[in-house]
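Colleague: I should like to learn how a pocket, a helix pair and an unusual backbone angle are read from a model. May we take them in turn?

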Amino acid sequence: TEPVLPVEAREFTTDGAAAFAQYVIDATNWAYATGDAAPLLDHCSEDSAYCQSVMAHAPEFEGAERTRFGGLMTLTVDSVELYADDAVAFVIGTASVGEATDLDTEGFKSGEVDQRDLDVTLQMQFTAGIWTLLLAGGT
């Protein structure tokens, strides 16, 4: 189902930042499952390379041009750092990406994704009661 921004994600608190980070992951999963990146892009900075990458690749999954089996991402939040002066937060954790197989319209394998865990940091800003993703990266 299409992700819905949780009520907690509208608060400048550690729980609010963590809820927004989880929303980003859910919206990314939705984009790669359906080709619809709008729920993510509605909450992204125009300069976010992460969001630009999702926007560039999600359409490959729209209209069954390519179908992905598996590959869902989950997030475990290890810490949240809030900086009230700048209304910024950093969420640090582990993103686990499940193994996936992509099939083209004829049913042939067109790609694979191995299971992997990434140490991730999401930087976001809180303005007018809403979080915006500025940066996301992992190693």
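Modeller: Certainly, beginning with the pocket; please bear in mind that this is a predicted model. Of the lining of the largest pocket, the largest share is given by α1, with six residues.

Colleague: Which other elements give two or more residues to the lining of the largest pocket, and what is the volume of this pocket?

Modeller: The volume of the largest pocket is about 550 Å³. Besides α1 (14-34), the elements giving two or more residues to its lining are α3 (49-57), β1 (66-70), β3 (88-97), β6 (116-127) and β7 (130-138).

Colleague: Which residues lie nearest the centre of the largest pocket, and how do the lining residues divide by character?

Modeller: There are 24 lining residues, and those nearest the centre are Thr28, Tyr32, Tyr50, Met73 and Val97. By character, the lining comprises 15 nonpolar, seven polar and two charged residues.

Colleague: Turning to the helix pair, how are α1 and α3 oriented: roughly parallel or roughly antiparallel?

Modeller: One reads the angle between the helix axes, and angles under 35 degrees count as roughly parallel. Here the axes of α1 and α3 cross at roughly 20° and come within 9 Å; the two helices are therefore roughly parallel to each other. The crossing of α1 past α3 is left-handed.

Colleague: Which residues make the contact?

Modeller: From α1 come Val24, Thr28, Ala31 and Tyr32, and these meet Tyr50, Ser53, Val54 and His57 of α3. Five of the residues in this contact are nonpolar, three are polar and none is charged.

Colleague: Finally, the backbone angles. Where is Ala87 found, and what is its phi?

Modeller: Ala87 sits in the loop between β2 (73-83) and β3. Its phi is positive, about 55°, although the residue is not a glycine.

Colleague: And what of Ala128?

Modeller: Ala128, also not a glycine, has a positive phi of about 55°; its place is in the loop between β6 and β7.

Conventions. Residues are numbered from 1 along each chain as its sequence is written. This is a predicted model: local features need pLDDT of at least 70, side-chain atom pairs count only at pLDDT 80 or more; totals for chains, interfaces and linings use all residues. Side-chain values use heavy atoms; hydrogens and water are left out. On a 1 Å grid over the protein atoms alone, a cavity is a set of points where a 1.4 Å probe fits but cannot get out, and a pocket is an open set with protein on both sides within 12 Å along at least five of seven lines; lining residues have an atom within 4 Å of a point. Grid points are joined across faces, edges and corners, and a volume is the space filled by probe spheres set on the points. Helices (H or I, at least four residues) and strands (E, at least two) are DSSP runs, numbered from the N terminus. Ala, Val, Leu, Ile, Met, Phe, Trp, Tyr, Cys and Pro count as nonpolar, Asp, Glu, Lys and Arg as charged, and the others, Gly among them, as polar. Axes are lines fitted to C-alpha atoms, for helices over the stretch in contact, and angles run from 0 to 180 degrees between N-to-C directions. Angles under 35 degrees count as roughly parallel, over 145 as roughly antiparallel, 65 to 115 as roughly perpendicular and the rest as oblique. A crossing is left-handed if the near helix is turned anticlockwise from the far one by less than a right angle, and right-handed if clockwise. Contact means heavy atoms within 4.5 Å.
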